[in-house]
Each structure stands twice: as structure tokens, then as C-alpha cells.
Amino acid sequence: MKNPKLFTGLLAVSLAATPLLPAQDKQLARDVEFVRSLATELRFISLATEQVEALQMSYKDSEDFKLVSQLGIEISLIGAQIHPNREERRRLFRDALEQSKVFIERYEGEPVADAAMLTMVRASYEYGSFLVEELELAREEAPDQIKGLEEAAAQVYRDGVDACESAMEKLEHSREAGSKQEQDYFMCWLYKGMLLRENARAVREDRDHLALVSRDTLEEMIFDMGEDSILGMRAYFEMSQVGEVLGDYKGAVRDYKDTIDSIDKILSNADLEISASAKELLFGLMQQAYDRAANALFLSGNTDEVLSFVLEFREHVASLGAEGADIYDVADHSVLLTEARAMAESGDPAKVGAALDQVREINRRHPNDFIGSKAKSVLKDILDVQSSMVSGVLMLEVAKGDYQAKNYEAAIKGLKRAYAAMSPSERDAKGLELWTIAGRCYGSQQRFLEASLALCDALEKHGQTPGGDAELTADNLERTWNGYLRQSKSDSDVALNPLKDRVTTLLGSYGGTDSEAKLLYNTATRDLQEGRIDQAIQNFGRVPADTPFYEPAKGRLIICYQRKADFAQARRLIGEYESWLETPAAIVPEENSAGRANRGATKATIDYYKFYMDYQEATGANGGDKDPTKFPGIIAGLAEFRTRHAAYAENFMSRVYDIVARLQAELGEVEQAESTYRTLRNEFPGSPLGSMLATVIFTAHQDYMKSVEVEYDALMETEPDRQQTQAATEKLTLARQAALNSGLEYTRNSPQPQYSVMWNSVLIAASLKDWKTVEDLGKKLVEGFGSDEKYRDRVERRVKEKLGEAYLRQGNFKGAVELLAASEEAAIAAGRPNYPVTRLLCLALGGWVEFDSNGTRVIIPGLDKADEAYDKFWTEYKKYALNSSRTQDYDINWYTFHWECYQFANRAIAKDSMFRDRAQVLYNKAEAGENFASLKALGPEGVEVANLFTSYPPK
Amino acid sequence: MSISKTSGLSLLSLSSSLLLLAPLAAQGKANDVILQKSGKRIRGVEVTEMTSSAIKFLRGDTSEEIPAADFARVQWDEPPESFMLAEGAVKRGDFATAANLYGESAKNSAREALKLESQFLAADALARSSGGDQARAKSALEALQAYLAAAPDGYRAPEALLQLGRTQIIAGQAAEAEANLAKLESEASSKNWDAIWAARAGLEKARAQLAQSKLNDARSSFRATVAAAEALAKQSDSSTLQDLIAEASVGEGETLVAEEKYDLAAQFFRNLLTGASNRSVTAAAQAGLGEALFLKAEAAGDDQDLRAAQLALAKANILDSSAEGTTAKALFYSGKVLIALGPDREQQDYKSRAIEYFRTVTRYYPQSAWAAKATKAMSN
């Protein structure tokens with residue numbers, strides 16, 4: 001019996017694998033299968049996506065274009081399910097859903113749209129499940145993200161339910177008994193019930209109601225289709241989960257056990273003729289029922305019952321023909337994880353140890369999926385809470401996991417704790433390995449002094465460990481010590497002398513053979529790092545062929561020529577190396593692990609630099625012409641870099657992400673660029689590339705935002721209808737928000753954010769009327785740049801103006817007046833009055849009139865000094881506002897000035913009746929005896945100002 | 001369920017229980033999870049009261065309790081959103097935001113136990129966010145005192161009293177802090193609180209004396225705390241006790257640093273290194289030495305001793321396996337040393353490396369006292 005996950009897979013495949021329209025072209029049919037297998041079997045998602053785009057170009061005028069588009073959606077969904085990076089998965093899910101919606105709208109009414117609807121149903125469920133997994137992780141790791149995730153999940157589920165209902169409506173009339181349409185109809189019904197249930201699970205507020213609707217939906221389905229089928233059993237199982245969602249664990253466990261018993265009776269009955277695939281489905285369903293039951297028992301608090309239940313599960317699985325098989329190969333790992341959690345919570349040291357072993361094994365088998373994330377969370381929990389029960393050796397294994405995940409500081413913490421917890425014999429056995437890893441963790445963070453100290457400890461205390469690779473540790477020490485000498489400019493401070501001696505002694509004792517080659521290699525490396533390229537080339541070229549440094553030297557030579565911008569020579573050397581690899585001299589025996597490691601690292605180096613040179617040429621960075629047509633090929637090639645080079649890719653991945661993101665940004669693929677940027681940030685939080693890339697992403701967002709603004713303005717010229725205006729406004733708002741989010745993220749994560757990015761973010765926030773953000777950023781700009789000579793003037797004039805406006809729009813009139821008055825005074829003292837500030841100051845003093853989002857006129861009082869505001873506005877601001885270089889009589893600026901002045905006067909009447917005449921005069925001037933006809937003729941802005949006038953007539 | 005044989009696939013008749021609507025929710029009660037210090041969890045319960053002696057809860061309709069000494073924490077069942085957001089804020093060291101959010105949770109919680117817990121956490125977060133600001137510290141004092149008035153025998157009472165003492169020092173009320181902490185030290189046993197509270201109070205009392213420049217008193221209080229903690233460790237050792245021993249051991253050196261007698265302080269820490277058998281103490285002593293050497297260089301306006309400081313701090317980092325405080329301190333000063341060494345004695349990227357040190361403190365040790373200093377150092 002195989003992995004129960006197959007059940008879900010078959011469930012899904014039945015919905016969407018076969019398009020309703022067969023390909024008209026046999027070649028296309030083969031191409032489609034090939035592309036699908038690239039994604040499903042080889043997991044080359046980017047390559048598959050690229051192939052889809054190529055097919056779309058080839059078939060763009062053909063009827064089969066729709067099929068190809070459908071394939072594209074499917075590839076996105078497959079990628080979303082299997083991609084190792086969760087950030088990328090989230091983007092792919094969103095893409096799949098978005099593409100489905102667009103596809104369905106475009107081809108509404110056609111059969112191909114119905115198939116896409118089924119894909120969308122599936123995508124909604126999968127994406128929603130993904131978000132619920134994220135929610136579960138967030139409850140432990142990041143509780144502040146819960147609300148956002150709940151809302152996102154709820155929306156996805158709601159859309160999914162709508163899609164189910166639409167699909168069912170379309171399939172209702174065409175379903176005949178036993179037809180594919182009927183199967184799809186029931187599948188949609190099942191999904192509808194599941195989506196409603198998951199919505200209830202995700203969102204607390206609507207839980208009871210949605211759970212009830214889910215239960216009713218599934219019950220009706222069972223009644224309609226009959227109870228005697230696998231799908232009926234499936235529906236029953238899904239309905240059982242409603243009880244769990246509502247906290248009725250007892251009832252849920254009872255129902256799950258019913259499912260288990262029923263399936264057991266079928267599988268144990270030799271008289272029943274059941275196909276192998278049906279048996280697989282049933283076995284998988286049974287394991288899922290065990291999983292849910294174990295989980296429900298666990299949540300209800302009875303760990304003893306969980307343990308005995310899972311023991312039954314193990315025996316049951318064995319009895320169904322899996323006797324003697326490794327339990328991990330046949331059993332649902334989620335059940336085993338629940339068992340481990342129950343053992344861990346028992347408080348029994350032996351059980352805690354067994355739990356740790358089990359969780360580690362599960363984690364090892366699930367490096368990148370949700371079960372793996374949960375396993376890691378359980379591990380962390382055990383170590384945090386029960387560290388006294390955990391051996392140092394186990395703690396070391398966990399810390400190694402952190403190291404492999406590049407979570408270096410967490411690894412260091414874990415390694416130190418592990419060492420402290422180890423017995424003397426454990427330290428003897430594992431100390432060398434432990435401190436060597438610690439040295440690497442420090443070294444990866446450029447903390448070469450700590451790295452050197454850790455590696456010295458490794459050798460001094462444990463260099464004699466039998467079977468330990470002290471030579472490798474010594475090699476690491478030499479690298480980190482050289483690194484420290486470089487960082488500290490080889491400082492001759494006497495304080496370092498004892499450490500220098502210590503290092504020299506240890507390298508002498510534990511450094512290996514091939515010392516001359518090593519010396520040459522190290523010298524050449526220093527030459528390269530310090531810019532003596534020709535010398536480096538010479539020295540690398542002299543490294544003998546029969547030493548471990550030969551291939552790494554080959555890799556470094558290519559780097560040298562790349563730095564010299566001699567790409568032709570670099571490529572020639574690459575060709576020579578690749579040819580050499582085919583010769584007998586290049587054979588590396590299986591047992592030569594260091595040699596194989598060198599080979600792997602060198603190939604990764606060469607591959608990276610191949611693409612890097614292509615990138616430099618394609619972007620014109622080497623002085624040539626830019627050629628964007630080459631970007632997609634480079635992106636596709638680098639997207640599989642990690643797959644090609646596995647562990648050897650790690651040294652390059654931050655640069656790979658950087659290049660890919662930049663190219664994506666240049667191609668206008670802003671979302672993809674952002675996703676790649678986030679991956680870089682998550683995997684390499686300390687990398688300086690992150691901040692620089694963030695500005696590129698921000699610029700890409702800005703460019704896109706500007707193009708949408710142009711589009712919007714052009715549309716407004718055409719007097720669009722309400723729906724068009726709404727859609728265009730939404731699109732513009734989204735584009736602005738995305739740009740703003742990018743700017744904010746950059747500001748948050750950069751040690752020294754750039755003024756331009758922050759200022760542009762302020763402007764975007766103001767356009768979105770997000771005054772809180774304007775305020776936060778404004779304050780940061782003032783704090784960060786206010787005393788910098790280069791930016792002082794801009795901060796005084798522009799930043800403070802916006803900051804003042806932010807206070808104003810948030811009702812902090814006092815704060816606004818304080819800031820703006822000081823700014824105005826400073827501007828006047830400098831001989832350059834700042835009239836926009838004067839205007840804002842008047843608004844803060846005297847308030848203003850506007851329409852709220854419901855179209856109701858509201859009066860914002862300001863500091864209720866409309867009289868003072870009027871005087872200031874009329875005497876000081878007027879000369880700027882009505883200056884003929886910016887305002888003509890009866891243009892929009894003219895009317896706007898008169899409106900603002902009028903509304904001050906109208907409200908100042910309460911303080912002094914002499915304002916009545918002034919208000920009337922201003923009103924009449926604008927109205928001009930024609931009921932504001934000229935004003936209205938100026939367009940939407942004019943209409944708005946006219947409406948303000950008429951809504952607020954003179955008192 | 002029953003099976004009958006049929007052609008094709010299985011035939012099942014569904015249990016009638018399936019078709020009955022189950023009650024909409026099995027129980028109206030909360031579903032809290034109690035975590036005990038042993039690692040054991042008690043699930044499916046409703047915590048009703050948390051006192052300094054016992055944690056009381058309902059399991060179904062039965063009332064039960066566990067000793068407070070066995071209790072670690074509660075995972076509350078569906079707390080208000082503000083509570084969850086506050087937890088997130090605490091994880092990233094944003095105590096100011098956490099204080100506001102816990103305050104909201106205290107207002108919005110319908111459950112008395114959660115209300116009181118939120119009230120304490122709000123006061124505690126406010127105290128942690130004060131970062132040397134007297135005005136904020138005074139607000140925190142009021143909040144802590146309000147909690148103690150509401151729950152004089154609450155589970156969090158000893159912690160609140162300890163935090164009160166620390167906050168009084170920041171608020172410029174070191175004499176009152178000393179008196180309160182001395183009281184906590186003596187009352188801990190009469191109130192049957194865990195003996196470690198007396199030892200912790202002793203440490204904070206020493207700091208209160210240090211703040212009043214009562215240096216001899218501070219030194220003897222630090223020594224007394226070391227003795228008390230070592231005695232406790234003989235009965236039942238823990239990493240908390242080891243941390244306490246380390247902090248108190250270096251306390252005497254800190255009095256010399258406070259007097260700006262950096263050479264004497266350095267000598268003290270070197271002596272401590274020679275005699276120390278405890279890794280935590282060794283680590284703390286290295287960190288103290290690094291701090292003394294750095295401050296000496298800073299005061300003298302020269303860069304002599306900076307490399308020695310850098311080396312001592314790096315050693316502290318390697319050695320420290322328990323106390324977050326020591327590693328956080330070592331990281332913080334490692335950053336400061338890099339800035340002080342400057343472009344003449346370090347490569348051009350010295351600033352970004354220093355910022356990374358500070359960032360590591362704020363990210364991985366957000367609850368240590370050094371996180372606020374690291375944040376400030378980053379913005380400078």
C-alpha cells in the first residue's frame with residue numbers, strides 16, 4: 001500500500017487533468033504531456049512555464065490556444081503544491097487563481113471555461129489549505145499575522161464556494177448517470193462542503209453558521225448520490241470533520257472510527273472484488289481518518305488514549321499487508337507526528353527521547369512541506385520546554401538542522417547548549433564536529449574572530465577524535481583566520497599575539513599535506529580578493545593537477561577573467577574544463593568525498609559565472625548593448641540552479657536570486673521580482689544584496705504604478721461609466737499600495753534607507769490618503785536626514801510640509817500648526833517663503849469642508865479659527881495662489897482658491913458678522929450668475945468644487 | 001456501520017447517528033492548555049484562577065489544581081486578537097506596542113484569569129519598554145502597582161514585585177527600590193514562594209544599591225546573592241540559577257565599572273576568570289572584561305585596548321550557553337568596538353558588520369536589556 005497522499009492526488013486529478021477539449025493537433029497533445037511531466041515528474045516548474053509561454057506564442061491564433069492557456073494554469077497550480085519555497089508557493093497559488101478567473105471570464109459560456117472552473121475549485125481548496133497551514137504555524141511563530149491570514153483564507157474559500165456553485169449549475173443539466181459530468185458534479189459538491197467547512201475552521205466569527213451549512217451540504221450530497229460508493233464514504237469522512245471544527249472532539253472521534261471500521265471491513269473482506277486503485281483510495285482514506293482521530297484525541301487532552309490509539313493504527317497498518325515494512329514507508333507521517341507530540345507531552349523522559357527521534361526522522365523525510373514545518377515546530381517546542389530531558393547529542397542534530405537552514409544564530413545558540421548538555425564521552429565523540437559547525441556558522445556571518453576561536457577550541461579539545469576530520473577543521477581555521485586578518489587589516493596589536501600563536505601551532509599540528517598547492521591556492525585567493533588579478537591568474541595557473549586544489553583553482557581562474565571582463569577567455573577556459581571532465585584524468589573515485597565535493601563546488605562556480613557573464617552582457621553592464629530578449633533564458637537557467645547543484649549552490653544563491661529578481665523587474669514582472677526578493681531576504685537576511693535589490697523592486701513597482709496612472713488619466717478623459725471608473729480606481733489603488741508596501745519593506749530592512757525611496761513612499765502614501773504612514777515616514781526622514789547638509793533644505797520644505805499635512809488630515813491640528821508654523825517661519829527667514837505650507841497652516845487653523853465617502857458634506861473644524869485662517873489665506877497665500885504663472889482667471893486653480901477662501905469666510909461669520917459680505921462676494925464671483933456652469937464645464941474636478949459650493953451656501 | 005455484499009464497489013449503510021445533527025458546539029467552556037515545567041501538558045481545561053500557590057482549572061465540571069511551582073505557562077483558548085498580536089510584538093522585542101495591545105486585551109477579555117494575566121503582561125511590557133525613560137518608567141510603576149492591588153496573591157505577584165523594583169531604579173527611585181526588594185527577599189519564604197525569588201530580589205537589590213552609589217553595600221549584596229544561588233543550585237540546579245550566579249558574580253566588577261575604575265574592573269574580571277569553574281561565570285566575566293576595556297578606551301579617547309576588548313567579547317560569545325544576557329551584551333559591545341576601531345583598523349564594511357551585531361541582538365535576544373540599546377545604536 002502506498003503513501004496515502006495518493007488519495008488526495010487522485011481526488012484532484014479527477015477534476016482537472018484531462019481538459020474537456022482534446023487537442024486538435026497530435027503534436028500539441030504530445031507537447032502538453034511533455035510539459036506536464038516536466039512539472040510533475042522532474043519538478044522543473046520554471047522550465048515548464050517557459051515551455052507553456054512558447055506554446056502560447058506558437059498557437060496564439062489557433063483554437064488550441066485555450067488548451068495551452070489551461071495548461072499554464074495547471075502548471076502554476078502544480079508548482080504551487082510542490083515548490084520548496086513557501087513564499088513562492090503562495091505566489092504561484094495566487095497566480096493560478098488569478099489566471100483561472102481571467103480565463104473563465106474570457107471564455108465564459110464555452111466548455112473550456114467549465115474545465116477551468118473545476119481547476120479553480122481545486123486551486124481554491126489547495127490554496128485555502130496552504131493558508132490554513134500558514135495559520136497554524138503563525139499561531140506558534142508569528143501571532144500578529146493571524147488576522148491577515150484568516151482574512152485571506154476566508155476570501156479564497158468564499159471564491160471557491162462561488163466557483164463550485166457556478167460549476168454545479170452548469171453541470172446540472174448535462175450530467176447523466178455514470179458520466180464524467182456527473183462525477184465532476186459530485187466532486188464540486190464535495191468541494192463545496194469542504195470549502196465551507198475549512199472556512200469555518202479558519203474564521204472564528206462565522207464558525208457555527210458555516211459549519212452548519214457545510215454539514216447540510218455534505219448530508220444532502222450523501223442522500224443524493226447514495227451512500228454505497230467511495231465518494232459517499234469520502235463525503236461522510238469530510239462531514240465528520242465538521243464536528244472537530246466545532247470542538248466536538250468526542251463526536252468527531254466516534255465518526256472517524258466509524259469510517260475506519262467500515263473501510264477495514266471492506267479491505268479485510270476477501271470476497272469483495274475491489275480494484276487495486278480502489279484499495280489504494282480506501283487505504284489512504286482510512287489513514288486520513290486515523291490522522292484526524294489522533295489529532296482530535298490529542299486536542300481533547302488525553303495523551304494516553306492517543307498513544308494507545310496510534311499503537312492500534314500501527315498494528316492495523318501492519319495487518320493490512322505491510323508487515324515487516326518500515327513504518328515510515330507505509331504509514332501516514334502526520335499520525336506519527338501526533339504520536340510524537342503526545343509522547344513529548346507525557347513528561348516521561350524515555351518517551352520524550354523517543355519523541356525526539358521520531359520527530360527528527362519525520363523532519364528528515366519532509367524537508368520543505370507543512371509536515372516538515374510542523375515537525376520543526378515540535379522539535380523547537382521540546383527543546384525549549386524540556387531541554388533537561390534531551391541529550392546533548394540530540395540537541396546537536398537539531399542545531400545542525402538550523403545550520404543547514406542557514407539560521408546561523410539559532411544554530412549557534414543550539415550548538416552551545418548542546419555542548420553544555422553533553423557528557424564528557426559525548427563531547428569526545430562529537431565535540432570536533434560541533435565546534436567545526438559553530439565555526440562555519442560564525443564564518444558565514446563574517447564573524448571571523450569568533451569563528452577562529454570556535455575552531456581553535458574544536459582542535460585543541462577534540463582534534464584527536466578518532467574518525468574526526470581534524471584536517472578539514474584546520475582548513476576551516478586557516479580560512480577564517482585569514483578572513484579575520486583581512487578584516488582587521490592584519491593588526492599588529494599585541495593583544496592578538498597569543499591567539500596568533502595558538503592558530504599557528506594548531507595549523508602546524510593539524511594542517512594536512514598538499515601544503516605547497518594549498519599555499520599557492522591561498523596566495524592566489526588573496527591576490528584575487530585584493531585586486532591583483534594578473535598575479536592571481538599566474539598563481540592559480542601553477543596549482544598542480546594532482547592536488548585537491550586543482551579544480552577549485554580552475555573555477556577561480558574563470559572568476560579572474562570575468563573580473564578582467566575578458567569573457568572570451570573565461571568561456572574558453574570553461575570549455576577546456578568541461579572537455580577535461582570527459583577525460584580519464586578527471587575521474588574521481590567514489591570514496592574520495594573531498595574530491596567529489598571539490599568537483600561539485602567547481603561545477604557550481606562555473607555554472608554561476610556562465611550565467612553571470614550572460615547577465616552582464618544582456619544588461620549591457622559590460623559596456624555593450626542591452627538585449628532584453630536574453631533575459632527569460634537567463635532567468636529560466638538560474639531558476640534551476642539549486643536543483644542542478646544541490647548543496648554546492650548555496651554559496652551562490654543570494655547572487656542568483658539577485659540577478660533573477662533584477663531581470664524580472666526589468667521585464668516588468670513585478671510580482672515575480674518581489675517574490676524572488678522575499679526569498680532572498682528570508683534565506684539570506686544578512687546579505688547586503690537585499691537592501692540594494694529592494695530599491696530595484698521599489699522602482700519596478702513605481703514604474704508599474706506610473707503606467708497605471710497614465711492609463712487611468714487617459715480613461716478619465718473618455719468619461720467612463722461608473723463600473724469602468726470603479727475598476728480603474730481599484731487597479732490604481734492596488735498598484736499604489738503594492739509600491740508603498742515595497743517602499744516600507746525596504747525602509748524597515750535597510751540599515752540606512754535612501755532618502756529618495758522614503759520620500760517617494762511618502763508621496764505614494766499621501767496619494768492613498770494613508771496619513772499615518774505619511775506621518776511615520778515623515779518623522780523618520782526628519783530624524784534621519786534633517787541634519788544632513790545635503791538634504792536639509794528638502795526636509796525643511798517638502799518633508800515637513802507633508803508631515804504637517806499628515807497631522808492635519810488625522811485631526812492633530814495642534815501638532816500641524818506647531819510644525820507648519822515653525823516651517824513657515826524658517827522658510828521666511830531663509831528668504832524663500834513656502835506657500836503650500838502657508839495654505840496647510842490656514843487649513844489647520846480654520847478647518848475645511850469636504851464630502852465623506854458617502855457623499856455627505858462634513859465640516860472639519862481645525863482649531864476653529866476660521867477668521868484668522870481667512871485673513872492669512874487672503875493676505876499671504878493669495879499672491880501665490882493667483883499668480884498668473886500658475887493660475888488664470890476662472891481656471892480650476894482660481895476656483896479652488898476662491899472656494900477655500902469662501903469656506904473660511906462662511907464659517908468665520910460666527911465670530912464676526914463682517915465676514916458675511918466677504919463670503920457672499922466670493923460665492924457670487926464663483927457662481928457668476930450662471931449656477932457655476934463655467935466651473936462645472938472644467939471637468940470632474942470642477943464639478944466637485946461646484947458641488948462643494950452648492951452644498952454649503954452662504955449663511 | 002454494517003456492510004452488505006454487492007456488485008461493484010462497497011456497500012455501506014451509514015449509521016443513523018451520521019444523519020442526526022450533532023449539537024453545534026460540544027461544550028461552551030474554554031479549551032486551554034496548561035504547560036508544566038516538566039514538559040507535560042494538560043489539555044482541554046479551563047483555567048479559572050492563578051495564585052502564587054496554585055493554578056486552578058476546570059476539567060469538564062471537575063475543579064482541579066496544580067502547584068504553582070510546577071506551572072510554566074498557559075496556552076489560552078482563542079484569546080482576543082489583541083493578545084495574540086501582543087505576543088507577536090513581544091517576540092520581536094516591540095514592548096511598547098505589546099503594552100498597548102495587552103492593555104486592550106485586559107479590557108476586552110471576558111475571562112477574569114486572562115484579564116489579570118493581560119493586566120500583568122501589559123504592565124511588564126510597559127516596564128520593559130521604558131528603556132531608561134523616567135516618565136515611561138513612572139507609568140509602568142503605576143501599572144505594576146495596579147496589578148498588585150488587583151491580585152496581591154496572584155501567580156505573577158513575585159515577578160511584578162521584582163519588576164517594580166527594577167522599574168523604580170529607572171524611575172529614579174532607587175532607595176524605594178532597595179527597600180521593596182529587601183522586603184521581597186525576606187517575604188519570599190514566608191509567602192511560600194519559590195526560593196529563587198529571594199535570590200533574584202537580592203540581585204536586583206544590589207543593582208538598586210549600585211544606582212545609589214552605595215557601592216560597598218552593592219558588592220556585599222552581589223556576593224550574598226552568589227552564595228544564596230549556589231546553595232540553591234546544590235539542591236536543584238537549573239539554567240536560571242546558573243544565569244543568576246553568573247550575573248551576581250560579575251556584579252562586583254560592575255560596581256567598579258560604575259566608578260569608572262576600569263583598570264580595577266578589568267583586573268577583577270581577570271581574577272574571576274582564573275578562579276571560575278562555571279562556564280556561565282567565565283562567559284560573563286569575559287563579557288565584563290570586554291565592556292571594561294571598551295569603556296576605558298572610550299573614556300581615554302584612544303583605541304588602545306580595543307583589540308583586547310574585541311577578543312574578550314568574542315570569547316564571551318563562544319562560552320555563553322545559557323544566559324541570554326551575556327551573549328546579548330557581548331554582541332552589543334562587539335558592535336560598539338567595531339565602530340570604535342573605525343576605518344583605520346577595520347575594513348570598509350565595519351559599519352555594516354557592526355549593524356549586523358546590533359541587529360542580531362534585537363532579532364535573537366529581543367527580551368534582553370541590551371535589545372533597546374542595540375536598537376538605539378543602530379539608529380545612531
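**View 1. Strands 5 and 6 of chain B pair in the antiparallel sense.** In this predicted model, 6 bridges hold strand 5 of chain B against strand 6 (residues 62-67) of chain B. The two strands form a hairpin, with 2 residues between them. B:Gly60 sits in that turn and has a positive phi of about 70 degrees. Look also at B:Arg59, which stands opposite B:Thr62 in strand 6 of chain B.

**View 2. A second hairpin links strand 4 of chain B to strand 5 of chain B.** Here the connection runs through 3 residues. Strand 5 covers residues 54-59 of chain B. Strands 4 and 5 of chain B run antiparallel and are joined by 4 bridges. One pair to find is B:Glu49 with its bridge partner B:Lys56, which lies in strand 5 of chain B.

**View 3. Five strands of chain B make an open sheet.** Their order is 6-5-4-3-7, and the pairing is antiparallel. Strand 6 and strand 7 (71-75) of chain B stand at the edges. Each has a single partner strand, so one side of each is left without a neighbour in the sheet. From one strand to the next, the twist averages 50 degrees. Strands of a sheet pair through backbone hydrogen bonds. Within this sheet, strand 3 (residues 32-36) of chain B pairs with strand 4 of chain B over 3 bridges, in the antiparallel sense. B:Ile34 stands opposite B:Ile42 of strand 4 of chain B.

**View 4. Chain B meets chain A.** On the chain B side, 60 residues are in contact with 69 residues of chain A. Several elements of chain B each supply at least two residues to the side that touches chain A. They are strand 2 (12-13), helix 1 (16-19), strand 4 (41-50), helix 2 (81-91), helix 13 (306-319) and helix 15 (350-364). Helix 13 of chain B gives the most, with 8 residues. By residue class, the side of chain B that touches chain A divides into 28 nonpolar, 17 polar and 15 charged.

**View 5. Chain A has 44 helices and 2 strands.** Of its 955 residues, 46% count as buried. Consider the contacts in chain A with a separation of 6 or more: residues 24 or more positions apart account for 59% of them. The next two views pick out individual helices.

**View 6. Helix 22 of chain A lines up its buried residues on one face.** This helix covers residues 470-487. At 1.5 Å a residue, its 18 residues should span 26 Å; the end C-alpha atoms are 25 Å apart, which agrees. Its buried residues are A:Ala470, A:Thr473, A:Ala474, A:Asn476, A:Leu477, A:Thr480, A:Trp481, A:Tyr484 and A:Gln487. Seen down the axis of helix 22 of chain A, they fall within an arc of 155 degrees, so they line one face of the helix. The cover over these residues includes helix 20 (424-444), helix 21 (448-462) and helix 23 (497-510) of chain A. Just after helix 22 of chain A, A:Lys489 takes a positive phi of about 55 degrees.

**View 7. Helix 5 of chain A has the span expected for its length.** The helix covers residues 86-106 of chain A. Its 21 residues should span 30 Å at 1.5 Å a residue, and its end C-alpha atoms are 30 Å apart. Buried residues in helix 5 of chain A include A:Leu92, A:Phe93, A:Leu97, A:Phe103 and A:Ile104. Charged side chains appear there too: A:Arg89, A:Arg91 and A:Asp95 are among the buried residues.

Key: Residues are numbered from 1 along each chain as its sequence is written. Chains are lettered from A and ligands numbered from 1 in the order in which they are written. This is a predicted model: local features need pLDDT of at least 70, side-chain atom pairs count only at pLDDT 80 or more; totals for chains, interfaces and linings use all residues. The expected span of a helix is 1.5 Å times one less than its number of residues. A residue is buried if 20 or more other C-beta atoms lie within 10 Å of its own, exposed if 12 or fewer, and partly exposed in between; C-beta atoms are placed from the backbone. Two residues are in contact if their C-beta atoms, placed from the backbone, lie within 7 Å. Two strands pair if DSSP finds at least two bridges between them. The arc is that of the directions from the helix axis to the C-beta atoms. Axes are lines fitted to C-alpha atoms, for helices over the stretch in contact, and angles run from 0 to 180 degrees between N-to-C directions.
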